[in-house]
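Grab a coffee and open the viewer: here are some exercises to work through on one protein chain. Try each task yourself before you read its solution.

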Amino acid sequence: MQVAHTADLTATQLAAARALVFEVFDDATEDDWEHCLGGIHAIVWEGDRMAAHGSVIQRRLIYKGRALRTGYVEGVAVRADRRRRGLGAAVMAELERVIRAAYVLGGLGASDEGIPFYLARGWQRWQGPSYRLTPEGTYRTADDDDAIFVLPVSESLDPRADLICDFRQGEPW
């Protein structure tokens, strides 16, 4: 397992991570890849080939008028031929360690396929309405409601309350 900040990965390593994210998520965009950068990456290598990747970056989620320092999980991807071998769990264990040590909250937007995985790891599905902060104002993101998960660290949260994510290009959650 390699755990490193984006700044400490080589261009070749970043290119391999990007390629894996695009391979696993056929609808991935450059914005999706951009969301993976600037934080801590957990990578499983098999020889010189990347088998699994995930990253945790800092975001602010607004909860009851407070901006919470959130470790937001991005780009969790396992090569198709390496799935169901615990690699995703190993990546998440490292990312969750970082979240618990550095943030008040963990957050992520799960794919339909990933929902059972995150639930089994103790992540909680957000049940309240979700919103996106933009330069033009705050907008409802109802299409994302069922896929938002949190991992409370040092905050007690009401999962039925409103939750607002900070602004970024591309998909908000």
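The exercises below deal with charged pairs, aromatic rings and a pocket in this predicted model.

**Exercise 1. Which side chain forms a salt bridge with arginine 59, and is each partner buried or exposed?**

Step 1: Look for the acid. Arginine 59 pairs with aspartate 166, and their closest N and O atoms are 2.7 Å apart. The cut-off for a salt bridge is 4 Å, so the pair qualifies.

Step 2: Place the two ends. Arginine 59 is in strand S3 (residues 49-63), and aspartate 166 follows strand S10 (163-165), so the bridge ties together parts 107 residues apart in sequence.

Step 3: Check burial. Arginine 59 has a relative accessibility of 3% and counts as buried. Aspartate 166, at 19%, is buried too; the limit is under 20%.

Step 4: Look at what else arginine 59 does. Its charged end sits over the ring of tyrosine 72, 4.6 Å from the ring centre.

**Exercise 2. Where in the chain do arginine 18 and glutamate 30 lie, and are they buried or partly exposed?**

Step 1: Start with the contact. The two side chains meet in a salt bridge, 2.2 Å from N to O.

Step 2: Find the elements. Arginine 18 belongs to helix H1 (residues 11-24) and glutamate 30 to helix H2 (residues 30-35), with their positions twelve residues apart in the numbering.

Step 3: Read the accessibility. Arginine 18 comes out at 29%, which makes it partly exposed. Glutamate 30 is partly exposed as well, at 45%.

Step 4: Put a further bridge beside this one. Arginine 168 and glutamate 74 have their closest N and O atoms 2.6 Å apart, and both residues are buried.

Step 5: Zoom out. The whole structure has eleven salt bridges. Glu46, Arg79, Asp81 and Arg82 are joined in a network of them.

**Exercise 3. What kind of aromatic pair do tyrosine 63 and tryptophan 126 make?**

Step 1: Take the geometry. The ring centres are 6.0 Å apart and the planes meet at 85°, so this pair is edge-to-face; the cut-off for that class is over 60 degrees.

Step 2: Locate the rings. Tyrosine 63 is in strand S3, while tryptophan 126 is in the loop between strand S6 (124-125) and strand S7 (130-134).

Step 3: Check burial. Tyrosine 63 is buried at 6%, and tryptophan 126 is buried at 2%.

Step 4: Now try another pair. Tyrosine 118 and phenylalanine 149 are tilted, with 6.4 Å from centre to centre and 45° between the planes. Tyrosine 118 lies in helix H4 and phenylalanine 149 in strand S9 (residues 148-152). Their relative accessibilities are 8% for tyrosine 118 and 0% for phenylalanine 149.

Step 5: Widen the view. Tyrosine 118 and phenylalanine 149 belong to one aromatic cluster with Phe117 and Trp123.

**Exercise 4. Which element gives the most residues to the lining of the largest pocket?**

Step 1: Get the volume. The largest pocket holds about 1200 Å³ of space.

Step 2: Find its middle. Of the 37 lining residues, Phe25, Val76, Ala110, Ser111 and Tyr118 are the closest to the centre.

Step 3: Go through the elements. Those giving two or more residues include H1, H2, helix H3 (87-102) and strand S5 (105-109). S4 gives the most, with six.

Step 4: Sort by class. The lining has 18 nonpolar, seven polar and twelve charged residues.

Conventions: Residues are numbered from 1 along each chain as its sequence is written. This is a predicted model: local features need pLDDT of at least 70, side-chain atom pairs count only at pLDDT 80 or more; totals for chains, interfaces and linings use all residues. Side-chain values use heavy atoms; hydrogens and water are left out. Helices (H or I, at least four residues) and strands (E, at least two) are DSSP runs, numbered from the N terminus. Buried means under 20% relative accessible area, exposed over 50%, partly exposed in between (1.4 Å probe, protein chains only). On a 1 Å grid over the protein atoms alone, a cavity is a set of points where a 1.4 Å probe fits but cannot get out, and a pocket is an open set with protein on both sides within 12 Å along at least five of seven lines; lining residues have an atom within 4 Å of a point. Grid points are joined across faces, edges and corners, and a volume is the space filled by probe spheres set on the points. Ala, Val, Leu, Ile, Met, Phe, Trp, Tyr, Cys and Pro count as nonpolar, Asp, Glu, Lys and Arg as charged, and the others, Gly among them, as polar. Rings of Phe, Tyr and Trp (its six-membered ring) pair if their centres lie within 6.5 Å; planes under 30 degrees apart count as stacked, over 60 as edge-to-face and the rest as tilted. A charge sits over a ring if NZ of Lys or CZ of Arg is within 6 Å of the ring centre and within 35 degrees of the ring normal.
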